[in-house]
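This report describes selected features of one protein model. The text turns from individual residues to the arrangement of strands and helices.

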Amino acid sequence: MKIVSWNVNGIRSVQGKGFAETLARLDADCILLQETKAQADQVAKALAGIDGYHIYSNCAERKGYSGVAILSRQEPLQVINDMGIAGHDREGRVIVAEFEKFFLLDVYVPNSGEALARLDYRQSWDTDFLAYCRKLQSQKPLVACGDFNVAHREIDIARPKANYNKSSGYTQVEIDGFSRFLDAGLVDTFRHSHPDTVAYSWWSFRAGARAKNVGWRIDYVLASVALAEKVRQAFILPDITGSDHCPVGIDIEL
């Protein structure tokens, strides 16, 4: 099974940038999208020409904000929106597809914001989201994909010293929050397969960052240990454009 995750930074925006052709090129069994910035009917309309997939979305109450979607060739046993926590569930950040052998989770983790204004909220989110992942893992193995909005290690960010504890996505609070997912038995599949590879999944639109490859690795595919052992390939696809993020994914034997 090939699973691809991509923060598209607006599904209607990416539509006009060869999106359908890119999805065909990816040829994935499951495609997980983040930051769709659209309501359910708008997501359906944007994906109307994409054949061969069951399409599910979870949208924020606020229009044009956040949102996640799953495209799956195989119909899931069930699809679950949100974590069941009122304080988090208004922003359409989590959707889960249950399959026979595993849960597939798509997440768009909150950004801590300008001047780290939302860092306290981000800390509470990480705690509650980890508990939710543990709950799923207690039932069957989990693959959790998406934009986690954190560069975990120095190798995952082009300019670590300049950003440490100053920029959203590279504070010790966020780093520790992500470490707890790994401590809970989830494996960072890309770093597990490529321990020393410098590769990024997001670049600022400013100052030609992408052309200079001044980036961050903030998009991940995490997998329960039992599934991580079955990953044949973990990859990042920086040559695919259309968003400030690029797709990441795995090929897994299931």
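In this predicted model, H245 counts as buried because its relative accessibility is 4%, under the 20% limit for that class. H245 sits in the loop that links β13 (231–236) with β14 (248–252). Leaving aside residues up to four places away in sequence, H245 touches W6, N7, D147, S201, W202, W203, R210, I218, D219 and I240. With N7, one of these residues, the side chain of H245 forms a polar contact of 3.4 Å. K135, 110 residues from H245 along the chain, has its C-alpha atom 29 Å from that of H245.

A second buried residue is D126, located in helix α4 (residues 119–137). Beyond residues up to four places away in sequence, D126 touches V109, G177 and F181.

The two residues are listed below.

| Residue | Location | Relative accessible area |
|---|---|---|
| H245 | loop between β13 and β14 | 4% |
| D126 | helix α4 | 8% |

The strands that flank the loop of H245, β13 and β14, also belong to an open sheet of six strands with mixed pairing, ordered β3-β4-β2-β1-β14-β13. Its edges are β3 (54–58) and β13, each of which pairs on one side only. From one strand to the next, the twist averages 10 degrees.

Within this sheet, β1 (residues 2–7) pairs with β2 (residues 30–34) in the parallel sense, over five bridges. I3 stands opposite C30 in β2. Helix α2 (residues 19–26) lies across β1, β2 and β4 (68–72), and runs at about 150 degrees to β1.

How values were computed:
Residues numbered from 1 in each chain as written. Predicted model: local features only at pLDDT ≥ 70, side-chain atom pairs only at ≥ 80, totals over all residues. Heavy atoms only, no water. Helix = DSSP H or I, 4+ residues; strand = E, 2+ residues; numbered from the N terminus. Buried < 20%, exposed > 50% of the residue type's maximum accessible area, 1.4 Å probe, protein only. Contact = heavy atoms within 4.5 Å. Polar contact = N/O pair within 3.5 Å; in protein donor to acceptor, adjacent residues only side chain to side chain. Pairing = 2+ DSSP bridges. Axes fitted to C-alpha atoms, helices over the stretch in contact; angles between N-to-C directions.
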